[in-house]
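Let's take a walk through a protein model together. Keep the picture beside you as you read.

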Amino acid sequence: MKKIILYILVVFVLYTIITSPARSADLVQVGFEGVSNAAKGVGQFMTELVS
């Protein structure tokens with residue numbers, strides 16, 4: 001069952017990239033910005049915790 005879901009997810013991602021590359025790039029950028037902001041928040045929290 002996990003393999004089927006994984007294959008469906010991969011096909012969906014590839015379809016999205018092929019049919020709308022600009023939108024896909026925007027979504028990836030938003031995702032990386034979210035991860036970056038989260039990492040900065042954790043860094044600030046640890047800095048304040050140590051201080």
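We will begin with the overall form and then turn to one helix and its surface.

First, bear in mind that this model is predicted. If you trace the chain, you will meet two helices and zero strands. How does its spread compare with that of a compact globule? For 51 residues, such a globule would have a radius of gyration near 10 Å, but this chain has 17 Å. Its C-alpha atoms fill a box of roughly 50 × 30 × 5 Å along the principal axes.

Now think about what is covered and what is not. Just 2% of the 51 residues count as buried. The accessible surface of the chain comes to about 4,800 Å², and carbon and sulfur atoms account for 74% of that area.

Next, find helix H1, which runs over residues 2–19. How far apart should its ends be? Each residue adds 1.5 Å, and the rule counts one less than the number of residues, so the 18 residues of H1 should span 26 Å. The end C-alpha atoms of H1 are indeed 26 Å apart, in agreement with that expectation. H1 is also hardly covered, with zero buried residues among its 18.

Finally, look for a nonpolar patch on the surface, formed by Leu6, Leu9, Val10, Phe12, Val13, Leu14, Ile17 and Ile18. Together these residues have about 780 Å² of accessible area. One of them, Phe12, is found in helix H1. Is Phe12 buried or exposed? Its relative accessible area is 55%, and the cut-off for exposed is over 50%, so Phe12 counts as exposed.

Notes. Residues are numbered from 1 along each chain as its sequence is written. This is a predicted model: local features need pLDDT of at least 70, side-chain atom pairs count only at pLDDT 80 or more; totals for chains, interfaces and linings use all residues. Side-chain values use heavy atoms; hydrogens and water are left out. Helices (H or I, at least four residues) and strands (E, at least two) are DSSP runs, numbered from the N terminus. The radius of gyration is taken over C-alpha atoms; the globule rule is 2.2 Å times the number of residues to the power 0.38. Buried means under 20% relative accessible area, exposed over 50%, partly exposed in between (1.4 Å probe, protein chains only). Accessible areas come from the Shrake-Rupley method with a 1.4 Å probe; for residues, only the protein chains shown count as cover. Patches are made of residues with over 30% relative accessible area and no salt bridge: like charges are joined within 9 Å, nonpolar side chains (Val, Leu, Ile, Met, Phe, Trp, Tyr) within 5 Å. A salt bridge is a side-chain nitrogen of Lys or Arg within 4 Å of a carboxyl oxygen of Asp or Glu.
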